[in-house]
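Work through the exercises below with the model open. Each task is followed by a stepwise solution.

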Amino acid sequence: QPADLVDRLVQLGLEVTEHQVGMVLDQPPAQSAPEVEVRRVATDDEYAEASRIAAIAFGGELPEPRPYEPDPDNVIYLAYVDGRPVARASGSFSEHGVTLFGGATLPEARGHGAYRALVAARWEDAVARGKPLLVTQASPMSRPILTRLGFREVCTITALSDRVRTV
């Protein structure tokens, strides 16, 4: 609010950096990938592997290694194909359901069901907690697969950035 908020913010100097879609799933995912094993991150090495996968998939820098500190409400998952970790994702659990974050698959491992398996694992954990609802902010890359899994669009999201200008 107001309806022209994005236009007003752009006039004030912010830049539109991305358009995404808010999506929700309130029934089991339409597809799964039984040949993909998914495990919750539980060790420093698994945490480092999840960080490495995210850095490669998202094109970022590999963060400095640090100890893994488990948080039952913010879970990180690794997907394994042929015993090798190839994808990662996280889920933030609340009293309403799970917000999905950071789904990333190594480029050479795409198309083998790792992303689908990560969605299914988070769904199963949501059901186990009695909150069968997944929500996410879908990028153009993840939106088609999420649609095939049964997610439906509920809103549009415009990301804005304030570019700091140095004098």
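## Exercise 1: strands 5 and 6

Task: find which residue valine 98 stands opposite in strand 6, then place the pair in the sheet.

Solution. Step 1: valine 98 stands opposite leucine 134 in strand 6. Strands here are DSSP runs of E with at least two residues, and helices are runs of H or I with at least four, both numbered from the N terminus. The model is predicted: local features need pLDDT of at least 70, side-chain atom pairs count only at pLDDT 80 or more, and totals for chains, interfaces and linings use all residues. Residues are numbered from 1 along each chain as its sequence is written, and side-chain values use heavy atoms, with hydrogens and water left out.

Step 2: strand 5 (residues 98-105) and strand 6 (residues 134-138) run parallel and are joined by 3 bridges. Two strands pair if DSSP finds at least two bridges between them.

Step 3: helix 3 (residues 114-128) packs on the sheet. Among the strands that helix 3 touches are strand 5 and strand 6. Its direction makes about 35 degrees with that of strand 4. Axes are lines fitted to C-alpha atoms, for helices over the stretch in contact; angles run from 0 to 180 degrees between N-to-C directions.

## Exercise 2: the whole sheet

Task: state the strand order and explain why strand 2 and strand 7 each have one side without a neighbour in the sheet.

Solution. Step 1: the sheet is open, has 7 strands and mixed pairing, and follows the order 2-3-4-5-6-1-7.

Step 2: strand 2 (37-40) and strand 7 (152-161) stand at the edges. Each has a single partner strand, so one side of each is left without a neighbour in the sheet.

Step 3: neighbouring strands of this sheet are turned by 30 degrees against each other on average, direction ignored.

## Exercise 3: serine 90

Task: is serine 90 buried or exposed?

Solution. Step 1: serine 90 lies in strand 4 (residues 84-93).

Step 2: serine 90 counts as buried because its relative accessibility is 14%. Buried means under 20% relative accessible area, exposed over 50%, partly exposed in between (1.4 Å probe, protein chains only).

Step 3: leaving out residues up to four places away in sequence, serine 90 touches residues including Tyr77, Phe101 and Arg122. Contact means heavy atoms within 4.5 Å.

## Exercise 4: the chain

Task: how many helices and strands are in the chain, and in what pattern?

Solution. Step 1: count 4 helices and 7 strands.

Step 2: along the sequence, the pattern reads α-β-β-α-β-β-β-α-β-α-β.

Step 3: of the 167 residues, 39% count as buried.
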